[in-house]
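Here is a short tour of one protein chain, written for someone who likes to check side chains and helix geometry by eye. Have a look at the structure first, and then follow the sections below.

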Amino acid sequence: MSPFLSAQAGAASAAASLRYASFTSRAIAAIIDFFILQIAAMFIDSFFAGMLLHSLNTATIAAAMIGPLAIGGALALVYSVWLESSVWQATPGKMMMGIKVVDLNGQRITFAKSSWRNLAKSFSVLTLGMGYLMPLWTARRQALHDRAAGCLVVYAR
């Protein structure tokens, strides 16, 4: 057998042995990550509140309104993208639930694929949350953003 065919067979057998994460495991992981990010948001908000207390003018009011949203949003995106494409393949919430993000062959996803997956979460939001509920009825328990990015959320061994 050629090395190419044996590599394909290895990827196919690895993909066949994947156990897809349940909707409940994914939801609990998301709640854990939400609380972790909220703790970070409290520190960011405190910094901008301190700016307001130091100097109350139009510029600081604008910064205090826009800054936490911009920094918090960027932090949440980097948090998910970096951790899901790292050797851990999971955010702390996913790690606590024993799940990870993989590609359709069961392999670690790239930073670019993780970026697209997390940006595609906006599609799940635009469907009034239905995209997040898709793991309840899809065969491989994929949410809309997982399908868009070609990813799976599976139980770590």
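## Burial and the salt-bridge network

A residue is called buried when its relative accessible area is under 20%, exposed when that area is over 50%, and partly exposed in between. Arg26 has a relative accessibility of 14%, so Arg26 counts as buried. Asp146, at 0%, is buried as well. Please keep in mind throughout that this is a predicted model.

How many salt bridges does the structure hold? There are four. A network of these bridges links Arg26, Glu84, Lys94, Arg117 and Asp146. In general terms, side chains of opposite charge can pair when their charged atoms come close.

## Walking through the pairs

Let us begin with Arg26 and Asp146, whose side chains form a salt bridge with an N to O distance of 2.6 Å. Arg26 belongs to helix α2 and Asp146 to helix α8 (residues 144–149), so this pair ties together parts that are 120 residues apart in sequence.

Asp146 also meets the side chain of Arg117 in a salt bridge, at 2.7 Å from N to O. Here the partners sit in helix α8 (Asp146) and helix α5 (Arg117), so the pair ties together parts that are 29 residues apart in sequence. Both Asp146 and Arg117 are buried.

Arg117 has a further partner: its side chain and that of Glu84 make a salt bridge of 2.9 Å, N to O. This pair links distant parts of the chain, with Arg117 in helix α5 and Glu84 in helix α3, 33 residues apart. Glu84 is buried, and so is Arg117.

## How α3 and α5 cross

The helices that carry Glu84 and Arg117 can also be described by their axes. Helix α3 (residues 58–85) and helix α5 (residues 111–119) have axes that come within 8 Å and cross at roughly 140°. The two helices are therefore oblique to each other. The crossing of α3 past α5 is right-handed.

Which residues make this contact? On the α3 side they are Leu77, Ser80, Val81, Trp82, Glu84 and Ser85, while α5 contributes Phe111, Ser114, Ser115, Arg117, Asn118 and Leu119.

Lys113 is also placed in helix α5. With 27% relative accessibility, Lys113 counts as partly exposed. Leaving out residues up to four places away in sequence, Lys113 touches Asp103, Ala149, Gly150 and Cys151. From Lys113 to Ser85 the C-alpha distance is 8.1 Å, across 28 residues of sequence.

## A buried charge without a bridge

Asp33 is found in helix α2 (residues 23–54). What is the nearest side chain of opposite charge to Asp33, and how far away is it? It is Lys94, 4.6 Å away, and Asp33 is buried yet has no salt bridge. The cut-off explains this, because a salt bridge needs a side-chain nitrogen of Lys or Arg within 4 Å of a carboxyl oxygen of Asp or Glu.

Lys94 is nevertheless a member of the salt-bridge network described above. Lys94 also appears among the contacts of Asp33, together with Tyr79, Thr91, Pro92 and Gly93, when residues up to four places away in sequence are not counted.

## Positive phi in two loops

Gln89 is not a glycine, although it has a positive phi of about 60°. Gln89 lies in the loop between α3 and α4 (92–97). Is Gln89 buried or exposed? Its relative accessible area is 10%, so Gln89 is buried.

Leu128 likewise has a positive phi of about 60° without being a glycine. The loop that holds Leu128 runs between α6 (121–126) and α7 (130–133). Leu128 counts as exposed, at 82% relative accessibility.

## An exposed site on α3

Finally, Met65 is found in helix α3. Met65 has a relative accessible area of 57%, so Met65 is exposed. If you would like a distance to check in your viewer, the C-alpha atoms of Met65 and Leu152 are separated by 36 Å, with these positions 87 residues apart along the chain.

Notes
Residues are numbered from 1 along each chain as its sequence is written. This is a predicted model: local features need pLDDT of at least 70, side-chain atom pairs count only at pLDDT 80 or more; totals for chains, interfaces and linings use all residues. Side-chain values use heavy atoms; hydrogens and water are left out. Helices (H or I, at least four residues) and strands (E, at least two) are DSSP runs, numbered from the N terminus. Buried means under 20% relative accessible area, exposed over 50%, partly exposed in between (1.4 Å probe, protein chains only). Lys and Arg count as positive and Asp and Glu as negative; His and the chain ends are not counted. Contact means heavy atoms within 4.5 Å. Axes are lines fitted to C-alpha atoms, for helices over the stretch in contact, and angles run from 0 to 180 degrees between N-to-C directions. Angles under 35 degrees count as roughly parallel, over 145 as roughly antiparallel, 65 to 115 as roughly perpendicular and the rest as oblique. A crossing is left-handed if the near helix is turned anticlockwise from the far one by less than a right angle, and right-handed if clockwise.
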